[in-house]
Amino acid sequence: MHFQTKILSLFLFFLIFPFFAQFKPSKNYTTADGLPNNAVRSLYLDKNQDLWIGTENGISKLENGAFTNLVLPKNYTNNSCWDITQDKSGAMWFASYGGGVYKFDGKNFRLFNKKNGLPVDRCRKILAYKNNIFVGTELGVVIIDIHTNRLSVPKGIKPHFGVFLVSDFFIYHNEVYFSTINEGLFKIAYKNNIPVIEPIHEFQFTYSLGFYDNTLFSGNKGFIDSFNIQELIKGKATSKKIGKTIVWDFAKDKKNNLYIAAWGVFDLSGGLYSITNNQISNISTQYGIESKNLLNVVYSSKKDILYVGSKDQGIYEIQLDKTIDYNPFNNKAIVDFETLGAKKLVLHQDGIAFLNPDNSISRTISLTDFKKFELQFIKKSKLKLPRHEDGFYELNYKIPAPEIEFYEILKHQKSFWISSNIGVFEMNFEGKIVNYIPIHSYKIGFTTDDKFIETIPYAGTRVYEDVYRMKAKHFSEFDKKTPVDIVGILNTNNKTYLISVFQGLFVHQKQKFQSLLHDKLWKENKLKFITKNQKGNLIIASEFGTVTIIDDSNSFRILKTIPKNQIIGNTTTFLESYKDFIFIGTEKGINIYHDGIVQLFDKEQGLKDCVITSSHIWQDQLFLGTKKGFYTLNLDKLTTKKNTVSSIEIRAIAINSIPIHQTKYKWFSYDSDQLICDY
């Protein structure tokens, strides 16, 4: 085959079996990955759903995440490929802007240019239909018979300023239609078996066409025209104008979602858009597409992948059956999450937002709301405000609303509790602040018998009999059993566990605290995160990366230790558990631990920002907060079993695309049926 490879190529036979594997919702391919040029002019999915790419400087094919570049004959002087198609016999056809048309049957090339029948070598579009290839040039259409390679040029072009620029094709009722940029819509008709061009509708500026469900979309200069095809052909059509950008390509997925690739040419309106109810929405940020110069988009139904080609940044591969969604949330820093039924509560730098299932905001509680409630409490309350000399971390009541800092939000019984640098607030499920506790605590919680826990910076811990009246029992920081420097609180098996960043693990049971470090039950002293799995076992991450799974149902028993050297990354940012999986966040991404195996979900899979500020699991979703918005991950998709390679057989070897006969490589042996890669 005429494909160029940098080193020897191995053609392998793969046996497939189900196994837990990484899931890749999106990726950007550029010249760094082997693409011949970052200016992508055309994308095409062949009968095997493999992607062919035409660029300004070469043609490539993407298979299994790797590019192989098509080596053209030396006498083909133009590598700019503006469109690609495949005929019913399997041959590939390439429209070159300046070089004519190239046909490749898998072994041999054939060139069609001005010397052998094309009106001009600048070819823009190409369509395979039945036994013909329809070529759109800058001087009309050329029809090539795929069997005889004979060319015919339909008459009837209406040049505008000396050109008749074909911009796109589509099929309707077994007839071929095409558009030109300046003249409108036309049809290829046959009179006495001779093809001719018939005008259908005259309009200016048609850069692309999309035909779906009897609706014809036309990319105009700064908007989209939408026509009913039947009315259009009858000459009675009126256009519905959609959007404010120039569209260069359309694609539709199996769920009937319509996508458009846009490049504004003279402005920054380009990007990837979706069309719903005659409205377009920019979804570039949602899929991490940075380029605003998009020229093409195709959809693979086999893989449920959307491929998007750009004029400057290569190809974007988008997994529509996505595992991960990103919500920029107006670039707000996310502090914590909670849930209420189908709604999410997001604690962020400017307050609290109640989010509907579609992430629309139904209610907000602002910084001013919190500050007003604090001031009203101070004005009306008869309680003595806590002071430093009374053993409290004394609050600064002069902190203005814009300087409020939130620490966490947690749900207990029928309320939410929010801690901050101006105190602790209780909020009901309707979003109304109902109580204020004038204490400062970085980590709050409740015992298994519903008593409020206040961890005091540098001053021990209080367990409140009545938090509203400030009645509590204080546990001194000088007692070795008292929790200090607490960063996590968790209830399980009728016990309340507290983890310390310096003093290890504590447990509260029967109104008493116990230090497992002091009692020499567990020597780990620097802990960072705590959670539990579906069996109720504790999962604890230390500051230095080790994760320990503990059974405390009858006694304190270590079930498993995940060593630091098995975890990718140096700093643990969060810890969560779902079913039999453990998710360990680091600066490198999400370490997914299952049955002794760790796999990484990172920037390549769509987690662009690995600096995680908060995490929360609700049902089958993992919420991850960042300093600019949050991610939502579908855990069932993230952890599902997928096909992967189990065994490998070497079938053939080629060097620089030249097959090497078996007699030439008897020295080569590969007895193993496994491919082992250091991660």
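Trainee: How far apart do the C-alpha centres of domain 1 and domain 2 lie?
Mentor: They lie 50 Å apart. This is a predicted model. Domain 1 covers 34-251 and domain 2 covers 526-639.

Trainee: Why is Thr626 called buried?
Mentor: Buried means under 20% relative accessible area. Thr626 has 0%, so Thr626 counts as buried.

Trainee: Where does Thr626 lie, and which residues does Thr626 touch?
Mentor: Thr626 lies in the loop between β57 (621-625) and β58 (630-634). Leaving out residues up to four places away in sequence, the contacts include Lys332, Ala333, Ile334, Asp609 and Tyr631.

Trainee: What makes the approach of the Thr626 side chain to the backbone oxygen of Gly629 a polar contact?
Mentor: The distance is 2.9 Å. The cut-off is within 3.5 Å, for a pair of N or O atoms that can donate and accept a hydrogen.

Trainee: How many aromatic pairs are there?
Mentor: The count comes to 37. One of them joins Phe217 and Phe250.

Trainee: What makes the pair of Phe217 and Phe250 stacked?
Mentor: Pairing needs centres within 6.5 Å, and stacking needs planes under 30 degrees apart. Phe217 and Phe250 have 5.9 Å centre to centre and 25° between the planes. Phe217 is in strand β21 and Phe250 in strand β24, so the pair ties together parts 33 residues apart in sequence.

Trainee: Are Phe217 and Phe250 buried or exposed?
Mentor: Set both against the limit of under 20%. Phe217 is at 8% relative accessibility, so Phe217 counts as buried. Phe250 is at 5%, so Phe250 counts as buried too.

Trainee: Why is the pair of Phe475 and Phe513 called edge-to-face?
Mentor: Edge-to-face means planes over 60 degrees apart. The planes of Phe475 and Phe513 stand at 90°, with ring centres 4.8 Å apart, so the pair is edge-to-face. The pair links strand β43, which holds Phe475, to strand β47, which holds Phe513, 38 residues apart.

Trainee: How do you know that Phe475 is buried?
Mentor: Its relative accessible area is 13%, and the limit is under 20%. Therefore Phe475 is buried.

Trainee: What makes the charged end of Arg41 sit over the ring of Trp82?
Mentor: The cut-off is CZ of Arg within 6 Å of the ring centre and within 35 degrees of the ring normal. The charged end of Arg41 is 4.1 Å from the centre of the Trp82 ring and sits over that ring. Lys221 likewise sits over the ring of Phe205, with its charged end 4.9 Å from the centre.

Key: Residues numbered from 1 in each chain as written. Predicted model: local features only at pLDDT ≥ 70, side-chain atom pairs only at ≥ 80, totals over all residues. Heavy atoms only, no water. Domains from an automatic or database assignment. Helix = DSSP H or I, 4+ residues; strand = E, 2+ residues; numbered from the N terminus. Buried < 20%, exposed > 50% of the residue type's maximum accessible area, 1.4 Å probe, protein only. Contact = heavy atoms within 4.5 Å. Phe/Tyr/Trp six-rings, centres within 6.5 Å; stacked < 30°, edge-to-face > 60°.
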